Every structure is written in structure tokens, then in C-alpha cells.
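Me: Hi! Could you take a close look at one part of this model for me, and then tell me how it connects with its surroundings? I'd enjoy a single walk-through that I can follow on screen.

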There are 2 protein chains.
Amino acid sequence: MPTTNGKRPVNLAILGATGIVGKELLKILDERNFPIGQLKLLASERSKDTTIHFRGKEYPVELAAKDSFKNIDIVLSAAGSIIKELAPAAIAAGAIVIDKSSAFRMNPEVPLVVPGVNDSAMDNHQGIIASPNCSTAQLVIPLKILHDLAGLTRVIVSTYQSVSGAGSAAVEELEMQTHSLMHGQTVEPKVFTKRIAFNLIPHIDKFNKDGYTREEEKLVEETRKILSLPQLAITCTAVRVPVLIGHSESVLVEFARPVTVEQGRNAFAASDMIELWDNTEDNVYPTPIDAAGKDPVYVGRIRKDNSSSNALHIWVVADNLRIGAALNAIRIAEYLLEHKLLRQPVAS
Amino acid sequence: MPTTNGKRPVNLAILGATGIVGKELLKILDERNFPIGQLKLLASERSKDTTIHFRGKEYPVELAAKDSFKNIDIVLSAAGSIIKELAPAAIAAGAIVIDKSSAFRMNPEVPLVVPGVNDSAMDNHQGIIASPNCSTAQLVIPLKILHDLAGLTRVIVSTYQSVSGAGSAAVEELEMQTHSLMHGQTVEPKVFTKRIAFNLIPHIDKFNKDGYTREEEKLVEETRKILSLPQLAITCTAVRVPVLIGHSESVLVEFARPVTVEQGRNAFAASDMIELWDNTEDNVYPTPIDAAGKDPVYVGRIRKDNSSSNALHIWVVADNLRIGAALNAIRIAEYLLEHKLLRQPVAS
């Protein structure tokens, strides 16, 4: 928990407050006792007349607009591309925008940050800090540790991504379809292109011309940017699975230098962002339900690649709503606060 | 459908007739109009007093024993390691054993066969022909095509395997757990080590000392044997997912020679064992529910690897009970019949 050192607490605006990540933001802010002064909950037209209960108080949800940011220190944006229109106004009002969307991530002037991995990227921010895609955030934490250990040369990822990564309507679709199928009824996909209940879909976000999805492209580009390895050989197949919360990744990592399983385990064990669950003798390995609601990235199934030298397999599981979204944004806010990187002095 | 050419039809014994693969065997034998004379349904003590309806007749399920094989031409074994004890008696009685278990697969004297991939391995059989593990069977069909095209040098597989691969009790466990969770009840895993409903488990079969599972080891060893590439660099991560029928595989294939996506597509399109579902512009790619109940191996998401040269990604989906088990065994039987490889002349 960042300390306020007797100064005034942070004035926060949450954009997209009624969505699945918005709700997670409020939950984690409370859990971590984040020092909040003024709290503004912003959303689109659809949600504007609702209220949200937080720390014993009802907050009205206001329509997000260019004049929403007066006196705001930090905007936590869990909205989509609407932030493109609103960010300049927020910055002009003196706020810093921490954005969960893909709008600014690959902009060379915008730091793309996973605290604990590339903190110093925040030091010269220009008012916007981007938080990566969920499947990237949980991947770069173990990758950074392995890179420091033996130098990454190639990364091959297959993902198993839960439906909550696609928002509340996707969670509802999995639940409704499951209910219908259990009662012998047929189902019609709406959020996803195909049925997701008791099925899986090798398609997340739009397809590019080269046959990769945007999701796969994001994982590649964002990992390179966060790790400052612009030439890293990295590839991905992204798959949606009928899991509610928790993304899993089967990752093959090739190295410049030899590395043993034991060295990998020791490096992970020494990190306070990783929970090492790797004891196959006792069936210890992480699954999505183990990671749901938790802060660490869980790593298991560490083993030598048997198709090359100098490579390890790892199995990575994390709560996509937390480390993959809300928790990462709040850790960015905590870092800004702690390192006095807010644009207006947070003082009484 | 094999023709009997006026000769007597085949006397068949099905071992493990009451299991999930046993039932699939009977369904497919009927679909394909397999010429059956005598039909013996064998099972363990647990199922011995039941009956099974097939082609308008009730068949008693008999206890499998060493004297069960008199006059039998082919034993289709979907039982476990009990076949080790029974196979010598079946062979002594003049039968050929087509075995779905892992008991004989890696025995150098036993052909391990996927019809359409390595048929000639059957020509000098010694009375037993092994059918591979489900995740191997669907993999080697596209791999053989790609090997003929450009020479495999390395294969990296992550699987998404349905619960039916673990038998009827596993299917029931997914259904029961899903029902309980939808009604707010807690669940206790029995067949699997962890909850499978709305979850996934990176653990199939037992763990070896090197950190791989037997399932992963089987895929590696069996693929090498079937493709006659004993040194092939190949590795696997095998994961159980909450899908009822249909295994999916994310496969990265590296080649000795350059190969384009178009060449890969054309090679698959020319195979009568593959359905090419690969048009991302129209969201065409296979998912488990597309493959369930169908005979082909479905291939989609073909694209250039962006982490190396001379490599392609493919996405492979098939019905694990059919191509991965019952259909493959019956295709072996059909081949034996067609090529007069039965040990007793099938003649009137």
C-alpha cells in the first residue's frame, strides 16, 4: 500500500466503472487500501444512471465526457477506444491516464508497463501509461525472470484464455449456453463466433491478413516492447476456452545460454510476483481456479524441452482480471504515487 | 466398405464392449456396414451380465477370458492392460488382435498403425497391431502430409483434450460437476486430480521423472514410430479441457525446406482424410463441436511461424473417440480384410 505521507489522497476517475474490469478495479482499490480522495465513476451512455456502492457510500455513475476530469490526478481507464477522444482532455486537466485499452500501447511515446518488469519506463511519461493485454501481462513476468537468467532467444506460446477476458456479456454467454445445453436446449452464439460452452474457439479479437489474430499480434508486439527486446523471436496461438476466470499459457522458451530446470525454479522462487507450483510427484501445478481471485502469476510444469537444447517448457496461469487488467493498472498508480510521478503535487 | 467377395464374413470379438470406445466401435461398425459373422462382446467382471443391442439383436456381454477367442478372426480391444494377458490366447486361437491400449505400441515387433499414414507396417504383422493414443492419431495424419511436402525437422504441440478421452466416468464427472456448480454446490474431483468443470488441467496420465506426463511421452514416441522418424525433434504439453468430445492441437511444424501457406493448404486439400477449414476472413476454422461425430481430421489456422523461417502453425481438431480410437481400429480391420492379411482364410 502506498503511503500518502500526510498529503492529500489521490483524486481518481474510473472510466468504464460498470464493466467487468471496472468492478475489479474498485474491489482491488479497496483491498489494497488505496488512498482515494475524490472518486469519479464514469461510463458510457448505457450505464450512466446507475450507482455503485464503494466503501460504504453510493456513487453515481456519470457519463464520461471531456469535462469529467477537473481536479482528477489519475484516470484508470477500463473503457475501450473512447479513451482516444477523452485522454487529451484528461491530460489538459492535469491527470495521468492509466489505460487498459490497446489504443496507446504501441505508441512509442507511451510507456507500456508491467510493474516489477519495466518500472523505469514510467519515469518520463507524457501523461499516459498503457497497461498491456491480459495474455501479455502474465507472460512477461516469468519471461523477464528467465531473460535475466539466460537470455531469451525465442518464445512459443499457446494460450487457454477464459471468457471473462471478453467482458461480462461473454461470461453470461458461457453460463447461459451451459445452462441451456444441460437442459437439452440448443444455443445460438452472440458474443463469440461459435458456441463456447463445452467447446473452445481458436480465435480472439479480429483476424489480420497474415492469418494471425490481433490478440496473437498484441502478445508478440507488447512482449517485445515491455522487455525492450524489439527483435525477440516470439509467436502465439490464442484460444478461448470455457473457463470463467484465469488464463493459462503453454510456453516454450529458448535461451542463449544453457539453463537447468533447477535454475529456472530457483529464479521463480526468488520472485515475489510468482507462485511456484511445480511438484509433479504430488500433482502440484496451477489451474485457472487456483489463480482466480489471486495476485501472483502461477508457474508450474517446468521441464527441459525434449526437441532442442537450451530450452524450457513452463505453464503459466494467472487471474486475467487482476494481473491481466485491474491489478496491473493499480500497481502502476501505486508506483506513480510512491515515486512522486503524479502531475499535480498530491499535498494538502 | 470392404467387400466380402462372397466369402464368409468376419468373426469379431470386442474386448471392452461396454466402455466409451467399445460403444463407438459398435456404432462405427454398423455405419460402415462392416461384414460381421459371429460377434462376441467381452468385458470385465463388472459388466459381464449386461446385454448390448446391435443390428436388431441383443448380445450378451461375456466375461473376457483366455478361452473367449475360438473361431474369432479379429479381436478389437478397447480394454486396458488386460489385453497383455489375453492376447497370446487370442493369437493361439488364430485371431489378430487390434489393440487400442498402450500395452504393445512401442514393442518393435508390433506395427503401430494409422491407416492412410503407414499402411505397409501391417504387411508383416505377428498377430497384434496397435492403434495409437488419441492425441497421436489425429496428429500424424497432417504431419505425414507436411513431411512429404517439405521434410519435418521439429514439431511443438500443445493439446486441448476432451474428457471423453478419459472414459465414461470422466464424461459423467464433467457433467455432474457442471450441474453442481450451476446450482451453487461445491464439487469434489474423483476421476481427475482437480475440478474439470469451468477449469482445465495440465496433466494427463501419470508423471514421469523428467516432468513430462506419459501422455506427452506417448505422443512423442508414437509419432516417431508411425512416421518412421526415430530422431524427430518433437515435444508436447498435454492439457485436459472441459469439452465432451474432440481433441484440439496447436502445432508448430518446422521444415527442412521452405514451404508456403498455400502449399500447405493445397497438400491438405488433396487428402481425403483431412477437411481443410481455413478461411479466417469468414471465421472458418474448426472447433471440437464441429469435429464430434465426424471422420476427418480438421485443419485450420495455417500460417507462417513469425518466430522462425521454414515453419508453419496448424490447428488440428478431430473426434478423439473416432479417428483417435474406434475408427482407426476399424480402418485397420478393413485394411487387413481388403489385403487378405487375416490369419484364417475368411471364406465360406
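Reply: Happy to! Helix α8 of chain A, residues 322-338, lies across β1, β5, β6 (96-99) and β7 of chain A, and its direction makes an angle of about 150 degrees with β6(A). Please keep in mind that this is a predicted model.

The strands beneath that helix belong to an open sheet of seven strands in chain A, with the order β3-β4-β2-β1-β5-β6-β7 and mixed pairing. At the edges sit β3 (51-54) and β7 (128-130) of chain A, each of which pairs on one side only. From one strand to the next, the twist averages 25 degrees. Within the sheet, β1 (residues 10-15) and β5 (residues 74-77) of chain A are parallel partners, joined by four bridges. If you would like a place to zoom in, L15(A) has S77(A) of β5(A) as its bridge partner.

Now over to chain B and the strand I would look at most closely, β13. All eight of the eight residues of β13(B), 311-318, are buried, so this strand is largely enclosed by the rest of the structure. In a regular strand the side chains alternate between the two faces of the sheet. Both faces of β13(B) are covered: A311(B), H313(B), W315(B) and V317(B) are buried on one side, while L312(B), I314(B), V316(B) and A318(B) are buried on the other.

Two strands pair with β13(B). With β10(B), residues 247-255, the pairing is antiparallel and spans eight bridges, and here E249(B) stands opposite V316(B). With β12(B), residues 297-304, the strands also run antiparallel, with five bridges between them, and G300(B) faces W315(B) across this pairing. The hairpin of β12(B) and β13(B) has six residues between its strands, and in it N310(B) adopts a positive phi near 55 degrees.

These strands also bring us back to chain A. In the contact between the two chains, 50 residues of chain B meet 50 residues of chain A. On the chain B side, β10, β12 and β13 are among the elements that each supply at least two residues; others include β8 (152-160), α4 (168-182), β9 (233-237) and α7 (288-291). By residue type, that side of chain B divides into 24 nonpolar, 18 polar and eight charged residues. So β13(B) is a strand with both faces covered that also supplies at least two residues to the side touching chain A.

How values were computed
Residues numbered from 1 in each chain as written. Chains lettered and ligands numbered in written order. Predicted model: local features only at pLDDT ≥ 70, side-chain atom pairs only at ≥ 80, totals over all residues. Buried ≥ 20, exposed ≤ 12 C-beta atoms within 10 Å, placed from the backbone. Pairing = 2+ DSSP bridges. Contact = placed C-beta atoms within 7 Å. Nonpolar A, V, L, I, M, F, W, Y, C, P; charged D, E, K, R; others polar. Axes fitted to C-alpha atoms, helices over the stretch in contact; angles between N-to-C directions.
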